Structure formats: structure tokens, C-alpha cells
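Here is an informal walk through one model, for anyone meeting it for the first time. Have a look at it before reading on.

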Amino acid sequence: MRTNHGILAIIGWGLILPVGAIIARYFRHKDPLWFYLHAIIQFVGFTFGLGTVILGLQLYSKMQVHIPAHRGIGIFALVLSILQVLALFLRPNKDSKIRKFWNWYHSWFGRMALVFAAINIVLGMQAAGAGSDWKIGYGFVFGIMVVAAIVLEILAYLKRSEMRSLPPNFQLDPVGGATFPSK
């Protein structure tokens with residue numbers, strides 16, 4: 001049960017949810033595909049994350065292991081992710097005056113959930129006395145996610161810089177739409 005808890009955490013919180021966030025940040029030029037991919041991937045990741053927490057609660061009641069930081073951060077990450085799911089149902093129209101605040105809330109609560117989840121995965125491995133194979137495995141997954149985000153962020157920055165240096169009437173992409181986020 002403890003192994004399954006760790007596997008679900010790494011797959012859900014450490015891989016699937018970050019991929020969904022990367023899609024939302026860097027692939028908006030593929031509208032509406034990015035949105036549907038983001039929603040589906042985040043739902044699958046949320047399901048894995050929920051399963052992780054349920055297994056964690058079962059482990060706590062079965063083994064009576066007291067790891068308050070790991071347990072508290074796990075529940076906090078779950079609450080943040082539940083707020084993310086609820087945000088989908090409360091999403092205002094694109095032309096709404098409060099949409100920019102919703103976007104801010106959704107982006108930052110999602111980032112916070114992912115950061116706390118990453119911290120909690122490391123705390124869980126430490127508390128479980130995980131072997132080096134677990135640490136190397138998660139380090140590899142985490143490293144891939146960080147490198148992908150850095151590369152995509154640099155490409156987005158370069159694209160924005162290129163767009164700013166062109167005259168306003170110069171059409172860079174004749175097919176339409178910017179390739180990377182404009183923020």
C-alpha cells in the first residue's frame with residue numbers, strides 16, 4: 001500500500017499534473033485543443049492525486065504513522081486541487097471583466113499545488129526511507145519537467161522579443177496566432 005501511494009504520487013502529482021500545466025502555459029496557440037488537453041490531463045492527474053491522498057489516509061489509519069508535515073502538505077495540495085476543479089465550473093466568459101482575476105487565481109493556485117506536491121513527494125520519500133532508485137526516478141521526472149518548462153519559457157521569451165522588434169504591420173505568422181504565450 002505504501003509503494004502504491006508513492007507510485008500514484010509520482011505519476012499524478014509529479015508527472016501528469018505538471019504536463020497539464022505546461023500545456024496550458026505554452027500551447028494556447030493551439031486553441032481550443034490546448035484547453036481540452038489541459039482539462040482532460042488535469043482531470044486524470046487529479047484522479048491520481050485523489051487516489052494518492054485516499055491511500056495515504058488509509059495508511060495513516062492502518063499503520064498509525066505520525067508524519068504531520070507530509071500529511072498536512074498532502075491535504076493542503078488536495079484542497080488546492082479541489083479549488084482548481086471548482087474553478088472550472090466558476091470560469092467566467094472570456095469577455096467578462098473578472099476573467100483576468102480568475103485567470104490569475106487559477107494559474108497561481110495551480111502553481112502552488114504543484115510546488116507543495118513536489119515538496120511533499122520528497123518528504124514522503126524521506127519519511128518512508130525510500131531507496132536511491134525512488135529518489136533517482138523522481139529526480140529524473142522532476143528534472144525533465146523543469147528542463148521542459150525552462151526551454152519552453154526561453155522560447156516564449158524569444159518569440160515575444162521577436163514580435164516586439166517587428167513593425168506593427170509586419171505579419172510574422174501568416175497562418176494566424178502567436179506560437180507562445182504573450183504574457
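## A first look around

Ala24 sits in helix α1, where helices (H or I, at least four residues) and strands (E, at least two) are DSSP runs numbered from the N terminus. Ala24 is buried, at a relative accessible area of 10%; buried means under 20%, exposed means over 50%, and partly exposed is in between (1.4 Å probe, protein chains only). Tyr36 comes 12 residues away from Ala24 in sequence, and their C-alpha atoms are 9.7 Å apart in space.

A word on the ground rules: this is a predicted model, with local features needing pLDDT of at least 70 and side-chain atom pairs counting only at pLDDT 80 or more, while totals for chains, interfaces and linings use all residues. Residues are numbered from 1 along each chain as its sequence is written, and side-chain values use heavy atoms, with hydrogens and water left out.

Zooming out, the protein chain has 5 helices and 0 strands, so the pattern along the sequence reads α-α-α-α-α. Its C-alpha atoms fill a box of roughly 65 × 35 × 25 Å along the principal axes. Of the 183 residues, 32% are buried.

What does the UniProt record add? An unreviewed entry there gives residues 1-161 the annotation "domain: Cytochrome b561", and lists residues 6-27, 34-60, 72-90, 111-130 and 136-158 under "transmembrane region". UniProt positions follow the numbering used here, feature names are shortened, and annotations may be inferred rather than shown by experiment. Here is how three of the annotated spans look in the model.

| Residues | Helix | Strand | End C-alpha atoms apart |
|---|---|---|---|
| 1-161 | 86% | 0% | 50 Å |
| 72-90 | 95% | 0% | 27 Å |
| 136-158 | 100% | 0% | 32 Å |

Now for the charged pairs. A salt bridge is a side-chain nitrogen of Lys or Arg within 4 Å of a carboxyl oxygen of Asp or Glu, and the count comes to 2. Arg25 and Glu153 form one of them, at 2.9 Å from N to O. Because Arg25 is in helix α1 and Glu153 is in helix α5, this pair ties together parts 128 residues apart in sequence. Arg25 is partly exposed at 26% relative accessibility, and Glu153 is also partly exposed at 26%.

Lys94 and Asp31 also meet in a salt bridge, at 3.5 Å from N to O. Lys94 is in the loop between α3 and α4 and Asp31 in the loop between α1 and α2, 63 residues apart. Lys94 is exposed at 65% relative accessibility, whereas Asp31 is partly exposed at 46%.

Asp31 has another detail to show: the peptide bond from Asp31 to Pro32 is cis, with omega near 0°. Most peptide bonds, by contrast, are trans. Pro32 lies in the loop between α1 (2-26) and α2 (33-63).

Finally, the surface. Phe142, Val146, Val147, Ile150, Val151, Ile154, Leu155, Tyr157 and Leu158 make up a nonpolar patch with about 790 Å² of accessible area together. Patches take residues with over 30% relative accessible area and no salt bridge, joining like charges within 9 Å and nonpolar side chains (Val, Leu, Ile, Met, Phe, Trp, Tyr) within 5 Å; the areas come from the Shrake-Rupley method with a 1.4 Å probe, and for residues only the protein chains shown count as cover. Phe142 belongs to helix α5 (residues 132-165) and is partly exposed, with a relative accessible area of 41%.
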